Amino acid sequence: MSIRLDLVYTPDLANPLSTAYRELEGKVNPVLQAQYGSVGAASVTAFRAGSVITEFVVQTTEINISRVTEANRNVTIAMATIAPVIGSVVAQYNSSNSINLTSLIYTGQTMTLTCGLTDVNLGTISSSEWKLKGQKLTTVRFKIVTAGSLSTLTVTNVKKSDIGTYECLILGTELEFFQKGNVTSDIIKDAPNVLLQDKINVECKEGTIQPLKCCVQSPYNVSWFEGTTLLNSIPVETTCIKHDYTINVCTGSVEKTFTCKVDDPSDFAQTTKLTIFTETITCNSPEYGTGREGDRASGKCDEDQEGTKTAECQPSGQWVVVEDTCIIKIINDLLSKSEDLVVEDVPVFVVELKDAVQEEKENISNSSATISAIVDILNTIANISNAVSEDVMLDVLSTVDVIIGDDARESWAFLNSNETLNSSSELLGSMETLADGLNDTFTIKTQRILLNRTMFDNSFMADLNSSVVIQIPNSDISNVFITTIVFSTLNIVMPTRNSTFDVGLLNATGNGTLADDAINAAVVLVKINATVPNVTLSYNKLNGALSLNPQCVFWNFTLFNETGAWDDEGCIFVSDINNTVTCSCDHLTSFSILMATDIPPKIITLLDVITYVGVGISLASLIICLIIEGYVWKAVTRNSTAFMRHVSIINTALSLLIADICFIIAAFIAKNPLENPGEDYEVPVGPCSTATFFMHFFYLALFFWMLVSGLLLFYRTVMVFSHMSKSTMLAIGFTLGYVCPLIIAVITVAVTAPGRGYIRKDNACWLNWLETKALLALVIPALTIVLINILIVIVVLFKMLRRGVGDTAHTDEKHTMVVILRCVAILTPLFGLTWSLGVGTMISPTNEGIHIAFAFFNSLQGFFILVFGTLFDSKIRSLLSKRVPTTNSTSNPTRSTSDGIFSLSEMFNRIRDRNVYHVPGARNSNSSSASESREYLN
């Protein structure tokens, strides 16, 4: 009990041995004894500051409320002889009995504590309060109910941290009742943690033994039951048992339920559902076992994690995780601790959270459930914090920085695909709440986040991290705090869904986003404690190649039943100049820009038709080309030039044929999210890398064999007096055609594969572009060869215009060289154009025309080889039509043959004066030379 005297407090009153203490005690004790003598012995115990607060106790063996109430009223009057009394006096009864405690409780259960006296009238009860370890209990896990003179504390989801001393205070108008009690480790024990696979699928085969394993921590024991029947089990490992279930009869698909029960306490148990099926196995993996399409199976978390994982069997034959509650243990402990967090403990708690996240950052990025738990913790911190200091915000942003890194991209995609989880929106919301509570001015910078809090008068302009410029024009406000937070990598965290998104497709789109949109700038959060009519934001694009349909947006937390989405209300697009997008908005919140990306959806079907029909035509053309070449081989390879020309064209066709086959295989390996909604479209690294390697190698071989054709033409036209054997030509040709591509392909793998940058991560099996630019290992050699061949064509044409196709060339060789020239002159630009368009699709991925042109030319390359590399050769056409007999190199060519070899040279001949020059025939063709010249030149 206490009474407040209107006296000046001096430090001496804190010392019971001081003269001042003894003098005041000597005056107060007789008054207390006179007033409370009928109740019990009363005496001073201490003096405290606050005027002078006199603490005293009244020791009694029996409570008489009427006497205590009367003494409380009289003591204020009696004390007036010493000093006026401030306020009233209310007696507090300290019970010597302990709070009524639960005998035994397990973590996770509900505990009930009761205090009070049923036979004592405390007057009108206003309220009651409880404390644990001196801290008042106010969080939702603790529920206090006061009825009569009793107060009941209900603790849900009991934890080991609930062990300690509980204090109960019931506040009545006549008397305050105080009671306490200790909850020890003998009262709260760790609940049995039963671990097993709750879903197992197995193919029905008579005699198959399916082991059922169940584990529990010491000192508990478990047993297997089927219904009420106890099953035989054998111990395995230290705290596990195993029951071997034998499949005896296969009459169809059946489901069986097995229960693993704790022996004591017996109300703890977990079940396993075993599905035995007779259909064909679709999925099979060591972790999830076998299953049919649509089956679900559970898997174990990593050793340092708590929770479960559930995967679903996809039509592709892969198990895809659909539920993941595996949380790193230290983070799970902090999540549990945060449920009872109070504002006074926040500074210490955020340091503990930051240290734990930094320690486990490599594992956190790959655990979606852990990231979600951290977001929940941050949300709790934000909700209970009224004022946020710089130190607290630094620890919070250091934590956030870890979970928004690029290595967490897949985890955020999984979280955004779950309709019941809203972690990305909650994260941004907690940042906005914390920004509202900041004090003072300061700047915080982490690897991925920049926070700036400052003051401004009238207008404001700042360049935030060289990625966003914010400008507030004349606003007629002064001395206003403004907080800006730039998140440079939040584009991997936030989904791209906007206000027009069909929320019914949330899970079907894979990550809750629009496949044809991208967040193409940093996300900037702007907070100000005033109304601003206009703010201008200028963003540097993350991907300068995107230019289609820029949308100035802010994150609207209220859309889709508080799920949130990007909204453009109140924001307008101003300009897109030099990779800088400028927006103007009439409110402040979290802003960014959305831009269209990838292939425009409306032409996907058209591109598919062009690609698949074109590739089919290309494959058929290449097979026909190889058949024709084999049919006419002996007749058209009578000299070394013709021999190498046909070797080149055969290997060119063969390389493209194999590359196209690999392309088809790769298309089956990878899945595109637009064509296969809801499926896992992350490419399998092993098969996809193999397909990509062979595509890369054979596409390179295609171009290098075109280079062989160009060099052959150059050699026979320019180096007319040089002679090279067939074996030497073959060695050079195959070295260029296959060894050089192999070296480039192998080096590409060696350089990029160790960092997982060899292939794309999703949607298609192809060389990586975004991270490592591995695709340049194809583009640069291909376009270089195109350039070389074009230069060769120019040089050869120049030589032809000056002196013809080699003064010493035989007729067949002249024919072959012209065919090579025509083939190189036509196919080189076509192939060069095709892959230039391919580069264009990367530089401008939203351009419909480039995509259509690339799909057309790329899918018909085999057809071009058949037409321009084989069928344009008049000799081959003659042989196929059986109209011209085979001739040797010294005989005169027939008219049909010479008609076929006139075109290019005659075209350039007619450009000039017909009598300016004359191309002589071969010197050993005697009288036929004039005829040949006339026929060739006409």
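Phe-863 is partly exposed, with a relative accessible area of 36%, where partly exposed lies between buried (under 20%) and exposed (over 50%), judged with a 1.4 Å probe and protein chains only. The place of Phe-863 is in helix α18 (residues 861-871), helices being DSSP runs of H or I with at least four residues and strands runs of E with at least two, numbered from the N terminus. This is a predicted model, in which local features need pLDDT of at least 70 and side-chain atom pairs count only at pLDDT 80 or more, while totals for chains, interfaces and linings use all residues. Residues are numbered from 1 along each chain as its sequence is written, and side-chain values use heavy atoms, with hydrogens and water left out.

**Nonpolar surface patch**
- Phe-863 joins Val-609, Val-613 and Ile-617 in a nonpolar surface patch of about 330 Å², and helix α11 (residues 604-636) gives the largest share of this patch, three residues.
- Such patches are made of residues with over 30% relative accessible area and no salt bridge, nonpolar side chains (Val, Leu, Ile, Met, Phe, Trp, Tyr) being joined within 5 Å and like charges within 9 Å; a salt bridge is a side-chain nitrogen of Lys or Arg within 4 Å of a carboxyl oxygen of Asp or Glu.

**Helices α6 and α9**
- Twelve of the 17 residues of α6 are buried, so this helix is largely enclosed by the rest of the structure; among the buried residues are Ser-368, Ser-372, Val-375 and Ile-381.
- The end C-alpha atoms of α6 (residues 368-384) are 25 Å apart, which agrees with the 24 Å that its 17 residues should span at 1.5 Å a residue, the expected span being 1.5 Å times one less than the number of residues.
- Ser-423, in helix α9 (residues 423-436), counts as buried at 3% relative accessibility, and its contacts (heavy atoms within 4.5 Å) include Ser-372 and Val-375 as well as Trp-412 and Leu-415, not counting residues up to four places away in sequence.

**Five-stranded sheet**
- An open sheet with mixed pairing has the strand order β15-β22-β21-β17-β18, and its edge strands, β15 (199-203) and β18 (229-230), each pair on one side only.
- β15 pairs with strand β22 (residues 269-277) in the parallel sense over five bridges, with Thr-275 in β22 as the bridge partner of Asn-201; two strands pair if DSSP finds at least two bridges between them.

**Whole chain**
- The protein chain holds 22 helices and 42 strands, and 49% of its 938 residues count as buried.

Note on methods:
Accessible areas come from the Shrake-Rupley method with a 1.4 Å probe; for residues, only the protein chains shown count as cover.
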